[in-house]
Amino acid sequence: MLPSSSLPSSSSLILERPQNPLNQFSFEQTFRNICTLLLSLTHSRSLPKGLQLHAHIIKSGLQIIPLVSHHLINFYSKTQLPLLSRQIFHEAPIKSATTWSSVISSFAQNELPCLAIEYFRRMLGECALPDDHIFPSATKSCAILGRLDVGKSVHCLVVKTGYDFDVFVCSSLVDMYAKCGDIKTARKVFDEMPERNVVSWSGMIYGYAQLGVNEEALKLFKQALYDDLEVNDFTFSSVIHVCGTSTLLELGKQIHGLCVKTSFELSSFVGSSLVSLYSKCGLIDAAYLVFEEVPVRNLGMWNAMLIACAQHSHTNKAFNLFKEMEIRGIKPNFITFLCVLYACSHAGLVEKGQYYFELMKEHGIEPGSQHYASLVDLLGRAGKLQEAVSVINKMPIAPTESVWGALLTGCRIHGDTDLAAYAADRIFELDNVSSGLHVLLSNAYAAAGRWEDAAKARKMLRDRGVKKETGLSWVEEGNRVHTFAAGDRSHLRTEEIYQKLEELGEEMERAGYVADTSFVLREVDGEEKNQSIRYHSERLAIAFGMITFPPDRPIRVMKNLRVCGDCHTAIKFMSKCSGRVIIVRDNNRFHRFEDGKCSCGDYW
Ligand code: ZN
Ligand code: ZN
């Protein structure tokens with residue numbers, strides 16, 4: 001957040017509207033120029049220039065014009081400074097429906113749902129009438145807060161003001177009801193809509209997916225294909241996208257079938273979503289097939305395929321695709337480079353990574369902080385810590401948390417405790433430390449013997465009330481998803497699952513497996529350490545797969561966190577002892593375990 005002193009203040013403002021006609025013209029001209037400039041700065045999200053322009057606007061007295069304050073509110077919304085949006089709003093002498101709308105949307109877009117609802121209420125109190133922009137902001141905020149009660153009263157107001165025929169407003173209602181778990185009302189609003197858009201479709205599919213009723217979602221979608229001409233490739237692509245993010249492979253496959261019947265599978269938008277669906281669900285070969293079959297591919301589709309290759313360690317394939325793009329004259333963008341750098345980083349290919357990093361500049365693309373983080377990660381993992389530091393020192397932009405975090409990871413792997421503590425200090429200097437990093441920081445300080453700082457990092461974590469995300473793993477069986485937490489005993493087949501792990505554990509130990517307990521945080525010790533690590537969620541999920549699926553069927557497990565080092569070793573032994581193929585997707589990449597080896601080559 002910006003300190004308020006860096007903001008132009010409008011308290012000493014005098015509106016100097018010129019009197020003579022010649023100046024009148026220049027006033028109008030200035031006004032128009034300023035609006036255009038502000039819009040373009042909003043589009044490019046250039047904060048420093050925007051602040052300058054804001055100062056200029058105050059000097060020229062233009063900010064009292066409703067259109068200008070509307071643009072300013074939007075500018076601060078897009079640059080993620082919603083509280084500055086609020087300041088502009090309060091300084092505006094005239095608050096039109098548009099002004100209200102832009103400030104409420106600024107809150108809704110910037111994850112301040114409580115403020116969005118509060119201002120929505122205030123607006124009604126001032127007798128201003130909501131419009132088709134305000135309603136979606138309000139319902140979105142209700143959905144985030146899970147406030148079905150408030151959402152329902154917004155719905156009433158929608159009906160009263162006659163917006164119940166507006167496709168955007170109704171779609172946002174469907175989405176709100178679905179996210180708040182009221183699928184019946186969601187469906188009712190959906191059925192009564194005169195036409196539907198991507199938001200309403202995604203909302204319904206998401207709602208059904210949450211309930212685990214894939215059948216219903218599919219029936220609905222089929223129905224739409226018969227009697228609703230509004231279903232187009234964007235609808236398909238967004239519905240498949242929903243399946244991909246929730247890793248609903250079965251539903252996704254069935255929708256793919258519908259795409260083929262309707263010839264939508266040839267669209268590169270649908271193709272991109274299918275590629276990432278199959279890749280996320282572990283079926284890289286199916287992703288390749290889709291990719292090959294689309295005749296005209298857009299850049300998004302190339303990028304989707306590159307990400308898939310990187311995640312599945314098909315590194316050479318990624319490089320070949322990049323070459324193919326060059327031959328076909330398809331201009332890569334910054335995402336393309338991020339994908340190839342990611343591929344290099346996962347395969348530990350330092351020189352190749354440096355090559356692509358330089359190539360980016362040749363293409364006229366300025367490396368962003370993520371590209372730098374990737375390069376530092378690559379060098380750090382390869383043990384070239386000093387080179388990584390010199391890359392950071394030469395960065396033309398301020399290094400972000402992810403850049404220092406990458407260095408910290410490298411230090412941890414290669415045991416450079418001093419440099420790790422140095423990187424941790426730099427992260428501490430940044431204002432907002434994300435939750436995952438506190439543990440890393442604390443461990444880095446502890447390793448360097450700086451116990452007080454280690455305690456400080458832990459305390460910070462507690463003070464901010466940051467909860468560690470619970471590790472969950474899940475397995476899809478037909479149309480059902482079985483979810484497990486560490487040490488979970490809630491599954492119907494718990495006894496058999498633990499029995500299986502017990503048996504397997506003995507076999508693994510005979511094959512040479514020794515549990516490495518250093519991966520567990522230091523609070524847990526001794527026997528307990530051993531216990532909890534043996535029952536990490538992915539192991540329960542794998543054991544469930546072993547007692548459920550036939551031996552020749554690969555066991556596919558999804559996990560929301562990174563697989564820990566000990567589980568990674570253990571799963572290698574599990575694949576060797578059971579003779580099974582085990583595919584684990586964690587939040588970072590894919591691991592295909594077969595005969596005691598993992599496809600990631602231990603880079604993950
Ligand atoms: Zn683990
Ligand atoms: Zn692996």
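**Cysteines, zinc site, salt bridges and one helix**

C142 is buried, its relative accessible area being 0%. This residue is a convenient starting point for a walk through the structure, which is a predicted model. C142 takes part in no disulfide, and the nearest cysteine sulfur, which belongs to C180, lies 7.2 Å away. Because a disulfide requires two cysteine sulfur atoms within 2.5 Å, the separation of 7.2 Å between the sulfurs of C142 and C180 does not qualify. The structure as a whole holds zero disulfides. Another cysteine, C600, also counts as buried, at 4% relative accessibility.

Two further cysteines have a role at the metal site. The zinc ion (ligand 1) has as its protein donors the ND1 atom of H536 and the SG atoms of C564 and C567, at 1.9 to 2.4 Å from the ion. Along the chain, these donors follow the spacing H-x27-C-x2-C. H536 belongs to the loop between α28 (526-534) and α29 (537-548), whereas C564 belongs to the loop between β3 (555-559) and α30 (565-578); the pair therefore ties together parts that are 28 residues apart in sequence. With regard to solvent, H536 counts as buried at 18% relative accessibility, and C564 counts as buried at 15%.

Attention now turns to charged side chains. The structure holds 20 salt bridges. One of these joins D149 to R147, with the closest N and O atoms 3.0 Å apart. Both partners can be assigned to a solvent class: D149 is partly exposed, with a relative accessible area of 46%, and R147 is partly exposed, with a value of 37%.

A second salt bridge is formed by R381 and D377, where the closest N and O atoms are 3.1 Å apart. Here both residues are buried. They lie in helix α21 (residues 369-381), four residues apart, which is about one turn of the helix. An α-helix has 3.6 residues a turn, so residues three or four places apart point the same way.

Helix α26 (residues 451-463) offers a related arrangement, in which D453 and K456 are three residues apart and are separated by about one helical turn. Their side chains meet in a salt bridge at 3.5 Å, taken from N to O. The surroundings of the two partners can be stated separately: D453 is buried, with a relative accessible area of 19%, while K456 counts as partly exposed at 49%. Elsewhere, salt bridges that share partners join E292, R297, E324 and R328 into one network.

The last element considered is helix α23 (residues 401-414). This helix has 14 residues and reaches 20 Å from its first C-alpha to its last, close to the 20 Å expected at 1.5 Å a residue. How much of α23 is covered? The helix is mostly covered, since 10 of its 14 residues are buried. The buried stretch begins with E401 and also comprises V403, W404, G405, A406, L407, L408, T409, G410 and C411. Just after α23, G415 takes a positive phi of about 65°.

In summary, the path has led from the buried C142 to the zinc ion with its donors H536, C564 and C567. From there it passed through salt bridges, including the pair R381 and D377, and it ended at α23, a helix that is mostly covered.

Definitions and conventions
Residues numbered from 1 in each chain as written. Chains lettered and ligands numbered in written order. Predicted model: local features only at pLDDT ≥ 70, side-chain atom pairs only at ≥ 80, totals over all residues. Heavy atoms only, no water. Buried < 20%, exposed > 50% of the residue type's maximum accessible area, 1.4 Å probe, protein only. Donors = N, O, S within 2.8 Å, 3.2 Å for Na, K, Ca; no water. Helix = DSSP H or I, 4+ residues; strand = E, 2+ residues; numbered from the N terminus. Salt bridge = Lys/Arg side-chain N within 4 Å of Asp/Glu carboxyl O. Expected span 1.5 Å × (residues − 1).
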